[in-house]
Amino acid sequence: MSDIKNFLYLNRRAPYGTVYAWESLEVVLIGAAFEQDVSLAFVDDGVYQIMKGQDTSELGIKNFSPTYSALGDYDVQKIYVEKESLDARGLTVDDLLDLKYEDEDDDWAEKDSIKVVSADELAKIIDDSDVVLSF
Amino acid sequence: MPILHTVNKSPYERNSLDSAISHALKGSSVIMFEDGVYGAMKGTAHADKVSGAMKDVSFYVLGPDLKARGIDESKLIDGVKVVDYSGFVQLTVDNDKVSAWT
Amino acid sequence: MKYVIQVNEGPYNHEASTSALNFVRAALDAGHEVFRVFFYHDGVNNSTRYTTPPQDDLHIVNTWSDLASKNDLDLVVCVAAAQRRGIVDEGEQERNGKDGNNIAPGFRISGLGQLVEGCIQADRLVVFGD
């Protein structure tokens with residue numbers, strides 16, 4: 001019996017106004033060493049975390065958005081973004097970072113990590129997980 | 001696999017209760033605690049959303065948090081069940097996992 | 001049932017820490033095991049021994065320390081979050097050249113891996129946050 005669990009990281013906060021977005025990403029990175037089955041979900045204001053074009057230079061704080069682009073190297077291939085949350089905020093997938101992973105089962109072909117899903121689909125994804133981490 | 005969704009914020013402060021309900025599958029449960037207990041009160045702008053979801057989802061509210069805030073059980077939406085902390089623990093046992101909507 | 005508890009907020013500012021305390025007590029009273037309590041984000045502030053709440057108020061830090069000591073609980077404070085917020089034990093004091101330390105009894109500073117490991121080992125993760 002496999003003891004690999006399906007971890008779902010549920011992100012609902014905007015970046016920078018609070019620390020939750022960055023510190024939840026730190027858990028994902030450290031957690032990669034445990035080789036579990038990892039998915040990330042961006043819902044509500046969480047969708048703002050992966051908007052492209054973030055520039056914090058005038059605030060003098062760290063821009064951590066490039067870290068999302070490295071997630072593929074940490075074996076994170078499933079990044080679910082809720083459509084209703086995007087729509088409510090006037091965003092489309094074109095406003096988001098272009099997140100990719102290399103599929104080792106397909107000759108390392110580069111594929112999109114982001115899957116836009118409905119709230120109903122996300123409810124099933126949450127249901128299918130073993131552990132839901134919220135920040 | 002039924003989930004226990006926890007909601008600890010007032011529906012007038014955050015959309016946490018709305019989000020929990022919109023991601024709760026049939027057979028799952030929602031427990032309102034801390035400031036989330038305000039979502040259990042009847043005659044409010046959010047009460048219909050809770051009542052409407054009750055055909056699929058069970059709703060609970062944490063008694064000690066109600067008492068702390070001076071909310072009498074007579075003010076609760078019909079069908080919301082009051083539990084204490086041992087009831088909260090039991091809900092985490094009866095459901096397969098817990099999803100926190102803060 | 002085996003629990004891992006995550007506490008994301010500090011004492012007093014949010015109810016999260018007292019909710020977690022009450023939940024842990026109820027879980028232990030019901031005969032369940034609390035495998036680990038992991039303090040993250042501002043939750044690390046639950047582990048400083050320098051709080052002085054008013055006498056007629058709950059002493060949250062001491063309550064965690066007492067609960068840990070009576071029930072052999074593993075209270076883990078995330079090192080990265082602790083470093084950001086100035087929670088220091090003797091090891092961190094030496095490693096980072098600080099002139100003192102402030103960790104309360106019963107708490108230990110360790111890595112985020114302890115949270116992930118807790119989620120793998122435990123049956124249930126319960127998160128208390130803002």
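**Helix packing and chain contacts**

In this predicted model, α1(C) passes α2(C) in a left-handed crossing. The second of these helices, α2 of chain C, covers residues 60-71, and its axis comes within 11 Å of that of α1(C), the two crossing at roughly 20°. With anything under 35 degrees counting as roughly parallel, α1(C) and α2(C) are therefore roughly parallel to each other. On the α1(C) side, the residues that meet the partner helix are C:Ser17, C:Thr18, C:Leu21, C:Val24, C:Arg25 and C:Leu28. Facing them from α2(C) are C:Ile60, C:Thr63, C:Trp64, C:Leu67 and C:Asn71. Sorted by class, the residues of this helix-helix contact come out as six nonpolar, four polar and one charged. As a general point, an α-helix has 3.6 residues a turn, so residues three or four places apart point the same way.

Helix α1(C) also has a partner in another chain. Helix α4 of chain B, residues 85-94, packs on α1(C) at an angle of about 75°, and the two axes are 9 Å apart. Since angles of 65 to 115 degrees count as roughly perpendicular, that label fits α4(B) relative to α1(C). From chain B, the contact draws on B:Tyr85, B:Ser86, B:Phe88 and B:Val89. Chain C answers with C:Asn22, C:Phe23, C:Ala26, C:Ala27 and C:Asp29 of α1(C). The class split for this pair of helices is six nonpolar, two polar and one charged.

Zooming out to the whole contact between chains C and B, 16 residues of chain C and twelve residues of chain B take part. On the chain C side, α1 (16-29) and β5 (124-128) each give two or more residues. It is α1(C) that gives the most to this side, with six residues. Counted by class, the side of chain C that touches chain B holds eight nonpolar, four polar and four charged residues.

Chain A has its own contact with chain C, where 16 residues of chain A are in contact with 16 residues of chain C. Here α1 (20-31) and β7 (131-134) of chain A each supply at least two residues to the chain A side. The largest share of that side, six residues, comes from α1(A). By class, the side of chain A that touches chain C has ten nonpolar, three polar and three charged residues.

Helix α1(A) passes a simple length check: at 1.5 Å a residue, its twelve residues should span 16 Å, and the end C-alpha atoms are indeed 16 Å apart. Its buried residues are A:Tyr20, A:Ala21, A:Glu23, A:Ser24, A:Leu25, A:Val27, A:Val28 and A:Gly31. These buried residues pack against elements of two chains. Within chain A, the partners are β1 (6-11), β2 (37-42), α2 (66-69) and β7. From chain C come α3 (79-85) and α5 (113-121).

A couple of loop residues have unusual backbone angles. Most residues other than glycine have a negative phi. A:Trp108, however, has a positive phi of about 60° and is not a glycine. The residue sits in the loop between β4 (100-103) and β5 (109-112) of chain A. A:Trp108 counts as exposed because there are 10 C-beta neighbours inside 10 Å, and the cut-off for that class is 12 or fewer. C:His41, likewise not a glycine, also has a positive phi, near 50°. Its place is in the loop between β2 (33-39) and α2 of chain C. C:His41 has 24 C-beta neighbours inside 10 Å and so counts as buried, the threshold being 20 or more.

Two further residues round out the exposure picture. C:Asn13, in the loop between β1 (2-7) and α1 of chain C, has 11 C-beta neighbours inside 10 Å and so counts as exposed. C:Asn13 and C:Ser110 are 97 residues apart along the chain, with 24 Å between their C-alpha atoms. A:Lys83 belongs to helix α3 (residues 83-88) of chain A. With 17 other C-beta atoms within 10 Å, A:Lys83 is partly exposed. Leaving aside neighbours within four places in sequence, A:Lys83 is in contact with A:Val116, A:Val117 and A:Ser118. A:Asp98, 15 residues from A:Lys83 in sequence, is 16 Å from A:Lys83 in space, C-alpha to C-alpha.

Terms used:
Residues are numbered from 1 along each chain as its sequence is written. Chains are lettered from A and ligands numbered from 1 in the order in which they are written. This is a predicted model: local features need pLDDT of at least 70, side-chain atom pairs count only at pLDDT 80 or more; totals for chains, interfaces and linings use all residues. Two residues are in contact if their C-beta atoms, placed from the backbone, lie within 7 Å. Helices (H or I, at least four residues) and strands (E, at least two) are DSSP runs, numbered from the N terminus. Ala, Val, Leu, Ile, Met, Phe, Trp, Tyr, Cys and Pro count as nonpolar, Asp, Glu, Lys and Arg as charged, and the others, Gly among them, as polar. The expected span of a helix is 1.5 Å times one less than its number of residues. Axes are lines fitted to C-alpha atoms, for helices over the stretch in contact, and angles run from 0 to 180 degrees between N-to-C directions. Angles under 35 degrees count as roughly parallel, over 145 as roughly antiparallel, 65 to 115 as roughly perpendicular and the rest as oblique. A crossing is left-handed if the near helix is turned anticlockwise from the far one by less than a right angle, and right-handed if clockwise.
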